[in-house]
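User: Please take a close look at one part of this fold: a single helix and the sheet it packs against. Then work outwards to the neighbouring helix contacts.

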Amino acid sequence: TSAALALLSGSAAALVVWKWLGRKMIQKKMEEARRTRDEGLKKMAKAVQQFREQVPSAQTDSILSLPLLELTGKLREGSLSPRTVLYTYLEKVSALEVTQQTNCLRHFIPECEQQLQEIEQRKEKGLLYGVPVSIKDHIGHKGQLATCGLVQCLGTLMEEDSVLVKVLKRQGAIPFAMTNVPQSLFSYECSNPIFGRTLNPFNPKKSPGGSSGGEGALIAGGGSILGIGSDMGGSIRLPSSFCGLCGLKPTAERLRWVLGLPLQPCSWSSLAKGARYGAIPCAVGPMARDVDSLALCMKALLCQEMFQLDPSVPPIPFNEEVYSSSTPLRVGYYDTDGYFPLPPCMRRAVKETRRALQAAGHQLVPFSPPRVPHAMTELFMKTFFADGGRAWLDVFTGDIVDPGLKQQVNTCRMPRLVKKLLALLLKPLQFLLLLKLKDLAVISTCRSVKEMWNHHHEIQVYRSQFITEWKELQLDVVLCPVLGPAFTTGYPGKLLTAISSTMLYNLLNFPAGVVPVSTVTEADEEELKLYQGCCDDPWDRMLKQAVSGAVGLPVAVQCVALPWQEELCLRFMKEVETLSRAK
């Protein structure tokens, strides 16, 4: 007996030591990654200093204030050089004006200087000639990491550029920075244990949104003029809403981001590839300060180079005629989806934009999106957690879980029997809580392959129903709300299903974009005090807490079109932008 006890005690002690050593190894890897980032920033600052010594007369402020269309015009005509523009933006970043305030940068891309030399020698100038571009952490760039905020991916260097980066470079763009993301990308907060939390450039108490939150903070802070994000539940549109930017989520198949090949395997890679081909595919798209910048980026990307590098992308070039059209539009609109009521300022934005569109000669038609609670809980969330979250949990193996994700991770880790019992006990409460129990959706899984195929069929049926109702009203586009204003940090992880406004159009795979149209007023804050949501339940009260204290922060609307009609979506966004600026 004593021998057995000694063996048991020894085994327990060995387990404790093993876990301690594992945690120490994780900490060492994270410290090394942060050190590498900091060294990269120092190299960037040194390169900028050398340039300043050579060209002390460069007009930094005037370059940084140029809209993208004006900047590209000056670059193409030669009145500005790509070198001057690149080092001006590098200076903005390396001077820590943006990075110190927001912690938005994951890594500086040293290869940008090589790309600069290459485009300077080219005779042909692409549509993005000389434009510095920032890219989201997981969009593959040769020789760089694609971490997704995961320690296990810190050794995963890309051995080639992703298709998207190849096309950007072909069009003369210079990728110069990779931006921070939430751990595993599954959050609209922007925090991970390796590189820390990214903050909103307008208010450090607020989140920039996610998962393209690093992009949102960098562009809004003036450190980048054009960025590339990805969107599977609102990850382009939410940072755009929180940071006052324009952002477009295209139809997922219109562009391909395609991972660069990693030199070492990473569990996240298999999850990401699944995202590309799943029932709710991941879309990649541009983020910028104005709609014309998004249109130029789409025009540059939708080129023969893209179609040749990835034959699965439909060879549909950008339709300039549709984007430039001034024909009056028939616009459907709604200010609530009947699932998660948004703060008063976001509904005000829709109403004001609706009135402005009507005054400009467009036809406005009330539209009610069908069965949104069913779409969110039974279709969207069940797709993500069809396996009970096991594939997602795999990416945290041997990792430290970010505090913002612990609640979701712990729910997924519950034994299957406990999940079933909870689902049974909580089912009668679904209607009363308007299906807001975010963890209830995690409990709902597909129990067999047949059930999974049936589930995919239900999604197709819902898409067909939605398009039928759209067509019956003869709509061109739809105007609707987007979640905002920016949440106080820490709250996004507690309100996963508050993003139904954006999730819906991932489920449908419709192109959707966000345009800032206003800012939060004192009157909005006063009205927020009276906000009760649907039934003044804990989720409604939490939302009120999340968005309070936002006076002066951006307020946006969402613009939607049918699949493959990105140009029409952008044209509508441009109309909304023009009218909002004319106020």
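Analyst: In this predicted model, helix α4 has 13 residues and spans 18 Å from its first C-alpha to its last. That is close to the 18 Å expected at 1.5 Å a residue. The helix covers residues 82-94.

Is α4 covered or open? α4 is mostly covered, with 11 of its 13 residues buried. Among the buried residues are Pro 82, Val 85, Leu 86 and Leu 90. Tyr 87 and Tyr 89 are buried too. So are polar and charged side chains, including Thr 84, Thr 88, Ser 94 and Lys 92.

α4 lies across three strands: β1, β2 (132-136) and β3 (174-179). Its direction makes about 15 degrees with β3.

Those strands belong to an open sheet of 11 strands with mixed pairing. The order is β1-β3-β2-β6-β8-β7-β12-β13-β11-β9-β10. β1 (105-108) and β10 (363-366) are the edge strands, each pairing on one side only. From one strand to the next, the twist averages 30 degrees.

Next to β2 in that order comes β6. β6 (residues 226-231) pairs with β8 (residues 283-288) in the antiparallel sense, over 6 bridges. One bridge joins Ile 228 to Pro 286 of β8.

Helix α24 also packs on the sheet. It touches β7 (246-249), β9 (330-333), β11 (477-481), β12 (512-519) and β13 (554-560). The direction of α24 makes about 5 degrees with that of β12.

α24 (residues 566-581) also meets another helix, α14 (residues 344-359). Their axes come within 10 Å and cross at roughly 95 degrees. Therefore α14 is roughly perpendicular to α24. From α14, the contact uses Thr 353, Ala 356 and Leu 357. From α24, it uses Phe 572, Glu 575, Val 576 and Leu 579. By class, that contact holds 5 nonpolar, 1 polar and 1 charged residues.

A further helix pair is α3 (residues 68-77) with α11 (residues 291-301). Their axes lie 8 Å apart, at an angle of about 55 degrees. The two helices are therefore oblique to each other. α3 contributes Leu 68, Leu 69 and Thr 72. α11 contributes Asp 292, Ser 293 and Leu 296. The classes here are 3 nonpolar, 2 polar and 1 charged.

Terms used
Residues numbered from 1 in each chain as written. Predicted model: local features only at pLDDT ≥ 70, side-chain atom pairs only at ≥ 80, totals over all residues. Heavy atoms only, no water. Axes fitted to C-alpha atoms, helices over the stretch in contact; angles between N-to-C directions. Helix = DSSP H or I, 4+ residues; strand = E, 2+ residues; numbered from the N terminus. Parallel < 35°, antiparallel > 145°, perpendicular 65-115°, else oblique. Contact = heavy atoms within 4.5 Å. Pairing = 2+ DSSP bridges. Expected span 1.5 Å × (residues − 1). Buried < 20%, exposed > 50% of the residue type's maximum accessible area, 1.4 Å probe, protein only.
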